[in-house]
Amino acid sequence: MAATLPELPQDILMVIFAALEIPDLVRAGSVCSSWHSAYAELHTLGKYKQGQTPCLVYTSESDPDDVLSLYSLAEKRSYKLTLPQPAIRSRYLIGSSHGWLVTVDERSEMHLLNPITCEQIALPSVSTIEHLKPIFDEYGDVCKYEMSGHTGSYSSYNPPFILALPELRDRLQWKAFVFPDTSTGSYIVVLIHNPQAQLSFAKAGDDKWTWLPPHYLHRGLHLQGWHIVCSQYNGRNPHVRS
């Protein structure tokens, strides 16, 4: 009898799925092909319930380098997620929004990473940021970066300096914000970075970062109806690390 029952229309399934917490939503998407289709469409449109109970993410030395632990506050239990390379334990997390993490690997390259779907999008190379110039070794590999100190308004007071690869991500990226691009169904990432809290942005699929000169020490930004408020502070930007 169950096999002959008509399936619920996809739009009805999406309404039901939109009310689920993320762990239940993922389980529902694994039941059958029609439920998975509704789950995938819901995720693509970004219409799942926005008032999700937060989840905590962390890595553990007892797990492989590519495994991320996700702790559900709603269920009070942890899940193990195997994610694509580069290894999640070696990355910094500099932002999270709309289900995406913004990560920085050991070479300061950035990715958008969805830990639930394991989807990953490479953001433009860090070498395309206005203030960076790659320095190559005798083998043609990038070994250092020259970071310009210019801010547009205060260029004469900020000479460039050289950063080795291990130093770059500690000195460059501060914070990233993710915004849905409703015109394309993609995402826009806005990056606050040194020198002097500059702003650059890129759409998923772009081949370079676009700098927003000539201001410095940005406190706020309006973008497509969204508002970011950034506090000015001294010292290093805190990162979530393993």
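The paragraphs below lead through a predicted model, from its overall make-up to a few particular side chains and the contacts they form.

The protein has four helices and 16 strands, and of its 242 residues, 40% count as buried. Among the contacts between residues at least 6 apart in sequence, 40% join residues that are at least 24 apart. Several of the pairs described further on can be read with that proportion in mind.

A convenient place to begin is helix H1, which spans residues 10-17 and whose buried residues are Leu13, Met14 and Phe17. These three cover an arc of only 100° around the axis, and they therefore sit on the same side of H1. The face of H1 that is turned away from this buried side carries Asp11 and Val15, both of which are exposed.

Phe17 leads on to the aromatic rings, for which the count comes to two pairs. In one of them Phe17 is matched with Trp35 in an edge-to-face arrangement, with 5.5 Å from centre to centre and 65° between the planes. Because Phe17 belongs to helix H1 and Trp35 to helix H3 (residues 33-45), this pair ties together parts that are 18 residues apart in sequence. The two partners can also be described by their accessibility: Phe17 counts as buried at 4% relative accessibility, whereas Trp35, at 32%, counts as partly exposed.

The rings of Trp100 and Tyr187 have their centres 5.2 Å apart and their planes at 65°, so this pair, too, is edge-to-face. Here the partners come from strands, with Trp100 in S5 (residues 100-104) and Tyr187 in S12 (residues 186-193), so that the pair ties together parts 87 residues apart in sequence. Both Trp100 and Tyr187 are buried.

A further aromatic residue, Tyr92, deserves a paragraph of its own. Tyr92 lies in strand S4, which covers residues 92-97, and at 10% relative accessibility Tyr92 counts as buried, the cut-off for that class being under 20%. Arg169 lies over the face of Tyr92, at 3.7 Å from the ring centre, while a polar contact of 3.0 Å joins the side chain of Tyr92 to that of Asp170. The surroundings of Tyr92 thus include a residue placed over its ring and a polar partner for its side chain.

From Tyr92 one can step across to Gln173, for the two are 81 residues apart in sequence and 9.8 Å apart in space, taken from C-alpha to C-alpha. Gln173 lies in strand S11, which runs over residues 173-181, and is buried, with a relative accessible area of 1%. What does the side chain of Gln173 reach at 3.0 Å? The partner is the backbone oxygen of Ser108, so that this buried side chain, at 1% relative accessible area, has a polar atom of the backbone at that distance.

The cysteines complete the tour. A disulfide is a covalent bond between the sulfur atoms of two cysteines, and the structure holds zero of them. Among the cysteines, Cys32 is partly exposed, with a relative accessible area of 31%, and Cys55 likewise counts as partly exposed at 31% relative accessibility.

Technical notes: Residues are numbered from 1 along each chain as its sequence is written. This is a predicted model: local features need pLDDT of at least 70, side-chain atom pairs count only at pLDDT 80 or more; totals for chains, interfaces and linings use all residues. Side-chain values use heavy atoms; hydrogens and water are left out. Buried means under 20% relative accessible area, exposed over 50%, partly exposed in between (1.4 Å probe, protein chains only). Helices (H or I, at least four residues) and strands (E, at least two) are DSSP runs, numbered from the N terminus. The arc is that of the directions from the helix axis to the C-beta atoms. A polar contact is a pair of N or O atoms within 3.5 Å; within protein, one must be able to donate a hydrogen and the other to accept it, and residues adjacent in sequence count only if both atoms are side-chain atoms. A disulfide is a pair of cysteine sulfur atoms within 2.5 Å. Rings of Phe, Tyr and Trp (its six-membered ring) pair if their centres lie within 6.5 Å; planes under 30 degrees apart count as stacked, over 60 as edge-to-face and the rest as tilted. A charge sits over a ring if NZ of Lys or CZ of Arg is within 6 Å of the ring centre and within 35 degrees of the ring normal. Contact means heavy atoms within 4.5 Å.
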